[in-house]
Amino acid sequence: MDTKKRRELLEDIELELSDLIRHDRKNWVRTAKLLLIIEQDKLYEVRDTSYTGYIRKLAYNNRINTSTLWRIKSAAKLFMELSGITDLNELQEQHIIATPEQLEIYRKVRSIVPEKIMDNLKER
């Protein structure tokens with residue numbers, strides 16, 4: 001994909017992200033999918049040399065904490081791992097009832113809690 005098309009795609013994604021951040025914060029899965037697309041397709045390179053730098057600027061421009069964007073992206077990646085999802089298109093909002101915060105807590109405790117208990121938590 002040439003630079004012009006990448007720039008146009010990134011601009012479209014950024015518009016949607018801004019709208020989601022301002023008006024639909026509960027739709028964190030869609031936000032995560034867009035962040036993952038930017039990362040996987042390296043669209044951030046249009047604006048910054050690193051994904052981290054890009055996320056900082058995106059957060060600043062949308063008046064949101066950088067950690068919120070990281071939490072959303074990490075939660076989606078964890079959900080995909082737990083569900084065996086490999087294709088981003090399979091990640092559907094209607095199938096996810098957990099919040100990013102719940103998934104973050106799960107990620108933190110899974111290394112210290114016995115496996116039998118974690119299997120029960122995973123199912124929930």
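Not counting residues up to four places away in sequence, Lys 33 touches Leu 88, Asn 89, Leu 91, Gln 92 and Glu 93, where contact means heavy atoms within 4.5 Å. Lys 33 is found in helix 2; helices (H or I, at least four residues) and strands (E, at least two) are DSSP runs, numbered from the N terminus. With a relative accessible area of 9%, Lys 33 is buried. The term buried stands for under 20% relative accessible area, exposed for over 50%, and partly exposed for values in between, with a 1.4 Å probe and protein chains only. The C-alpha atoms of Lys 33 and Arg 22, eleven residues apart along the chain, are separated by 17 Å.

The model is predicted: local features need pLDDT of at least 70 and side-chain atom pairs count only at pLDDT 80 or more, whereas totals for chains, interfaces and linings use all residues. Residues are numbered from 1 along each chain as its sequence is written, and side-chain values use heavy atoms, with hydrogens and water left out.

The chain as a whole contains six helices and zero strands, so that the order of elements from the N terminus on is α-α-α-α-α-α. The C-alpha trace spans about 50 × 30 × 25 Å along its principal axes. Of the 124 residues, 37% count as buried. Among contacts between residues at least 6 apart in sequence, 59% join residues at least 24 apart.

The loop between helix 1 (3-23) and helix 2 (28-40) contains Asn 27. The side chain of Asn 27 reaches the backbone nitrogen of Arg 30 at 3.4 Å. Such a polar contact is a pair of N or O atoms within 3.5 Å; within protein, one must be able to donate a hydrogen and the other to accept it, and residues adjacent in sequence count only if both atoms are side-chain atoms. Once neighbours within four places in sequence are left aside, Asn 27 is in contact with Leu 20 and Glu 93. Glu 93 is also among the residues that Lys 33 touches.

Ser 18 belongs to helix 1 and is buried, its relative accessible area being 16%. The side chains of Ser 18 and Asn 62 are joined by a polar contact of 2.8 Å. Just after helix 3, Arg 63 takes a positive phi of about 55°.

Helix 3 itself has Tyr 51, Gly 53, Tyr 54, Ile 55, Leu 58 and Ala 59 as its buried residues. What covers them includes helix 1, helix 2 and helix 4. Two packed helices are described by the angle between their axes and the distance between the axes. For helix 2 and helix 3, the angle is about 145° and the axes are 11 Å apart; axes are lines fitted to C-alpha atoms, for helices over the stretch in contact, and angles run from 0 to 180 degrees between N-to-C directions. The crossing of these two helices is right-handed; a crossing is left-handed if the near helix is turned anticlockwise from the far one by less than a right angle, and right-handed if clockwise. At this interface, Leu 35, Ile 38 and Glu 39 of helix 2 meet Tyr 51, Tyr 54, Ile 55 and Leu 58 of helix 3.

Tyr 51 also takes part in aromatic pairing, and the structure holds two aromatic pairs. Rings of Phe, Tyr and Trp (its six-membered ring) pair if their centres lie within 6.5 Å; planes under 30 degrees apart count as stacked, over 60 as edge-to-face and the rest as tilted. Tyr 44 and Tyr 51 form an edge-to-face pair, 5.5 Å centre to centre with 70° between the planes, and both residues are buried. The pair of Tyr 51 and Trp 70 is edge-to-face because the ring centres are 5.6 Å apart and the planes stand at 75°. Since Tyr 51 lies in helix 3 (residues 51-61) and Trp 70 in helix 4 (residues 66-83), this pair ties together parts that are 19 residues apart in sequence. Tyr 51 counts as buried at 8% relative accessibility, whereas Trp 70 is partly exposed at 27%. Ring pairs thus link Tyr 44, Tyr 51 and Trp 70 into a cluster.

Helix 4 also packs against helix 5: their axes come within 9 Å and cross at roughly 65°, in a left-handed crossing. Residues Arg 71, Ile 72, Ala 75, Leu 78, Phe 79 and Leu 82 of helix 4 meet Pro 100, Glu 101, Leu 103, Glu 104, Tyr 106 and Arg 107 of helix 5. Within helix 5 (residues 100-109), Pro 100, Leu 103 and Tyr 106 are buried. These three lie on the same side of helix 5, because they cover an arc of only 120° around the axis, the arc being that of the directions from the helix axis to the C-beta atoms. The face turned away from this buried side carries the exposed residues Ile 105 and Lys 108.
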